[in-house]
Amino acid sequence: MNLPKLFEEKMQTLLGADYEKYIQCFEEERHYGLRVNTNKISVEDFLKIAPWHLEPIPWIHNGFYYDGEVVQPAKHPYYFAGLYYLQEPSAMTPADRLPICPGDKVLDVCAAPGGKATELGARLKGEGLLAANDISSSRAKGLLKNLELFGIGNLLILNEEPGNLTKIFAEYFDKILIDAPCSGEGMFRKDKKMIKAWEEHGPSYFSKIQKNIIMQAASMLRPGGMMLYSTCTFDRSENEQVIACLLEQCPEFELCEIDGYDGFSPGIPKGAEEENLNLNKTVRIFPHRMKGEGHFLALLKKKERGFEDDKSQKGHALSGKLPEELEEFLQLVKRSFDRSRFEINNGKVYYMPTGLPKMQKLRFLRTGLFLGEVKKKRFEPSQAFAMNLKKEEYPFVLNFPCTDERVIKYLKGETLDVSDLVQENDKGWYLVCVDGYSLGFGKLLSGMLKNKYLPGWRWQSSR
């Protein structure tokens, strides 16, 4: 691989005697990773049904290597059931090392396509709020799909410049993750196209953006909250120097130790001033020292200020009764709903997270779990609701083994003959599952299941 001369010189200075080992790792095969969605299935149960050989990623409790040259997990029905996310192993680290508790209000500032946001949402276990933001509208749509595929309903999908969020969400979030846009030096080995992008926009371009983002995020973190900053680059100006800038301008922040692993390397402070900031508590991941691409992480805590009032605002309770059609459907679902959290706009029904502030003038794609739509004398449940439901929560289920050819037919949008599984007079909405995990809804009549799988999600033959 032809690396830019300036980059080579910088890495020689950064790595010293380790530089040759780093260069040699470009001849090695890339590593493919799979992360289990613990919101839907335990790691132990997933390993019982996984159809491929998986090797544990030693520093990620729910992460595994797979042979990407042999198997294609994105073509398996379990992928469509949201049982896992395909992610480069090192990229799993930031969301894993940010301490998340059910009930937290969490912000992922630069969230698309959702690799880190899906893990944050899974660890909330349906409680609290996951706000996931991306400045790109098209990327935010992909982010929404991945979060809904994971069955995450307590969400807010934003499409904003981070600076536009600061007034609405001042000191609002308990935890914040910043996977900052960067020059991508850590991905050169994985993706050669990153080299050309680096030559067009290098570290000096991104470091200014990163400093703005981290300062904006800092203002949205409540006292006592924690924030994790990460990049997939090696340059100090995008890593340690960004953290140093925050610590110098915001003395209420302090660096925290990150749960370790033998392959982790400490941050690289330069000079006494940076050493006094404890920048060696940050973590660097180098591809010649562990089986993953290049990454940088810094975990920070905002100091307490004493007693703080809860500034979150309660949502407005739905006035009047729920539509009869919706009420009838919800009575089938074995789940307790808080009636004050329903919101209906133009017939579309949402189950809202608690404590959302008013979001005037903010661009967003979704608030809460989209349950479905009330139409003339009927309620049509959504794809997002199906992915959020567990098999035992709904009484009418068609559960196929993954080897049944009807699973792929369903994912392609075809009508299914299920007369062997139902009674002649059975009808209505059925939850379609593969090996006990939700895929979507279908409408049953006379032994035939009319397919309601979301068209934009359907299985493509070229996959």
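Which residue stands opposite Phe-342 in E15? Tyr-351 does, and this briefing goes on to a sheet, two cores and an annotated site. The model is predicted, so local features need pLDDT of at least 70 and side-chain atom pairs count only at pLDDT 80 or more, while totals for chains, interfaces and linings use all residues. Residues are numbered from 1 along each chain as its sequence is written, and side-chain values use heavy atoms, with hydrogens and water left out.

**The open sheet**
- Four strands, in the order E14-E15-E17-E18, make an open antiparallel sheet; strands are DSSP E runs of at least two residues and helices are H or I runs of at least four, numbered from the N terminus.
- Strand E14 (342–345) and strand E18 (378–381) are at the edges with a single partner strand each, so one side of each has no neighbour in the sheet.
- E14 pairs with strand E15 (residues 348–351) over four bridges; pairing takes at least two DSSP bridges.

**Nonpolar cores**
- The largest core has 40 residues, and among those touching the most other members are Phe-169, Phe-173 and Met-227; a core joins buried Ala, Val, Leu, Ile, Met, Phe, Trp, Tyr and Cys residues through side-chain atoms within 4.5 Å.
- A second, separate core of 38 residues includes Tyr-32 and Tyr-453.
- Beyond neighbours within four places in sequence, Phe-169 contacts (heavy atoms within 4.5 Å) residues including Leu-156, Pro-357 and Leu-362.

**Cys-232**
- An unreviewed UniProt entry annotates Cys-232 as "active site"; such annotations may be inferred rather than shown by experiment.
- Cys-232 sits in the loop between E9 and H10.
- Cys-232 counts as buried because its relative accessibility is 19%; buried means under 20% relative accessible area, exposed over 50%, partly exposed in between (1.4 Å probe, protein chains only).
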